[in-house]
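Got your viewer open and a selection box ready? Let's take a walk through this one, stop by stop.

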Amino acid sequence: MSITLRILCILGAAVTFLVIAGRVRKARVRIDDSIFWIVFSLALLVIAIFPDIPIFFARLFGFQATSNFVFLVVITVLLMREFSNTIKISTLNSRLDELVQEQALQAMEEEEDGTQR
Amino acid sequence: MKILAIIPAYNEQDCIEQTVRSLVSTCPNIDYLVVNDGSTDATREICEQRGIRHVNLSINSGLACGFQTGMKYALRHGYDAAVQFDADGQHLPEYIPAMADAMAEHNADIVIASRVLAGENLTGARGAGSRLISLLIRLTSGVRLTDPTSGMRLYNRHMLDLFAHGRDLTPEPDTVALIARKGGKVVEVPALMQERQGGKSYLDLPHVVRYMSRICSSILFLQWFR
């Protein structure tokens with residue numbers, strides 16, 4: 001794992017952490033939703049500071065270069081996140097539809113009750 | 001049979017009043033409900049001023065959501081059937097009674113108003129798309145539909161329940177295919193249609209590509225998991 005990649009990992013971790021901390025401070029993201037990014041940036045930091053960890057696993061799985069292993073892990077983690085986000089957005093859309101419908105039907109009924117009286 | 005015409009309307013200020021008037025004068029026994037899907041034009045004001053029965057979705061939520069609102073209303077108010085009816089004046093109300101007769105006669109779950117059975121030849125890209133969808137439906141569910149993209153469909157009580165409570169049941173051909181494959185009875189009756197009477201159509205290329213890829217992938221791949 002080259003020194004450049006380690007520095008980039010540290011920079012990436014720092015930027016991720018600072019950005020997400022800033023959003024939490026301004027209450028733009030909920031604590032619950034920030035945890036993934038905190039853990040993600042800490043993991044990057046650990047990989048950069050202790051390269052022996054990714055080197056060990058890269059050798060164990062037979063990767064030619066440790067950096068390939070690091071990339072694969074990062075891509076996999078982000079893809080899983082993207083997938084779970086898709087599911088989450090889908091669920092939210094269904095709930096939003098349901099709310100909009102119920103609100104609309106209730107408003108209609110209330111208005112009709114009003115005109116009947 | 002107590003029928004509700006569900007008229008989803010998004011920015012239909014030019015034709016909504018005319019559509020409702022012709023429906024009411026042609027079929028006085030049929031109730032209707034306009035579902036104003038967060039229109040940004042004067043659709044809502046027109047409905048309020050002219051006393052058109054309507055329900056307002058506070059944000060634009062799409063045809064499926066609007067239609068489902070109508071289905072919930074129909075179910076809660078004890079309707080026996082509901083017909084999907086376009087706000088733009090394409091659909092002719094005089095065919096609704098024939099659709100209801102066909103529903104009673106064949107004990108059908110869905111009755112589709114077919115332009116093709118009425119002798120119309122769907123030409124151009126629309127015809128090609130329609131034939132492709134017909135083919136896919138025949139291959140996957142064994143049901144022959146001449147006009148699957150017709151938006152004028154009558155649903156029975158059982159379907160009201162399904163659509164009101166179901167998730168992701170769009171009032172589109174892929175749902176018809178799914179219902180047919182699950183043993184629902186789908187029949188067609190001949191019906192002519194008009195060109196839209198005002199407002200703008202969404203038949204531009206991006207919409208068509210999205211529509212076709214959605215319908216085709218839904219019929220070909222996804223319906224087996226539902």
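Which residue stands opposite B:A82 in β6(B)? Select both: the partner is B:Y155. Before going further, a word on the ground rules: this is a predicted model, where local features need pLDDT of at least 70, side-chain atom pairs count only at pLDDT 80 or more, and totals for chains, interfaces and linings use all residues. Residues are numbered from 1 along each chain as its sequence is written, while chains are lettered from A and ligands numbered from 1 in the order in which they are written.

**Stop 1: the strands around B:A82**

Select residues 81–84 and 153–156 of chain B. These are strands β4 and β6, and they pair in the antiparallel sense over four bridges. Two strands pair if DSSP finds at least two bridges between them. The strands themselves are DSSP runs (E, at least two residues), as are the helices (H or I, at least four), numbered from the N terminus. Besides the B:A82 pair, look for B:Q84, which stands opposite B:R153 in β6(B).

Now stay on β6(B) and check where its residues point. B:R153 and B:Y155 go one way, B:L154 and B:N156 go the other way, and all are buried. Buried here takes 20 or more other C-beta atoms within 10 Å of a residue's own; 12 or fewer makes it exposed, anything in between partly exposed, with C-beta atoms placed from the backbone.

Add β5 (110–114) of chain B. Three bridges join β5(B) to β6(B), and the two run antiparallel. B:Y155 turns up again here, as the bridge partner of B:I110.

**Stop 2: the whole sheet**

Zoom out to see seven strands of chain B forming an open sheet, in the order β3-β2-β1-β4-β6-β5-β7, with mixed pairing. The edges are β3 (54–57) and β7 (186–190), each of which pairs on one side only. Neighbouring strands are turned by 20 degrees against each other on average, direction ignored.

Next, select residues 157–165 of chain B. That is helix α6, lying across β4, β5 and β6 of chain B and running at about 95 degrees to β6(B). For such angles, axes are lines fitted to C-alpha atoms (for helices over the stretch in contact), and values run from 0 to 180 degrees between N-to-C directions.

**Stop 3: the core**

Go back to B:A82 and show its contacts, meaning residues whose C-beta atoms, placed from the backbone, lie within 7 Å. Leaving aside neighbours within four places in sequence, they include B:I3, B:I6, B:M71, B:Y155 and B:L160.

Which residues have the most contacts inside the largest nonpolar core? B:I6, B:A82 and B:V83 do, in a core of 65 residues. The largest share of this core, six residues, comes from strand β1 (residues 3–9) of chain B. Apart from it lies another core, of eight residues, among them A:C9, A:A13, A:A48 and A:V70. A nonpolar core is a set of buried Ala, Val, Leu, Ile, Met, Phe, Trp, Tyr and Cys residues joined through C-beta atoms within 7 Å.

**Stop 4: one chain, then the other**

Colour by chain. Chain B has eight helices and seven strands, whereas chain A has four helices and zero strands.

- Chain B: its radius of gyration is 16 Å, which agrees with the value near 17 Å for a compact globule of 226 residues. Of these residues, 46% count as buried.
- Chain A: a compact globule of 117 residues would have a radius of gyration near 13 Å, but this chain has 23 Å. Its C-alpha trace spans about 80 × 30 × 15 Å along the principal axes, and buried residues make up 14% of the chain.

The radius is taken over C-alpha atoms, and the globule rule is 2.2 Å times the number of residues to the power 0.38.

**Stop 5: where the chains touch**

Finish at A:Q101, found in helix α4 (residues 66–116) of chain A. Draw a C-alpha to C-alpha distance from there to A:T66: the two are 35 residues apart in sequence and 53 Å apart in space. A:Q101 counts as buried because it has 23 C-beta neighbours inside 10 Å.

What does A:Q101 touch, not counting residues up to four places away in sequence? Select B:C65, B:Q68, B:T69 and B:K72. Across the whole interface, nine residues of chain A are in contact with 12 residues of chain B.

Conventions. Contact = placed C-beta atoms within 7 Å.
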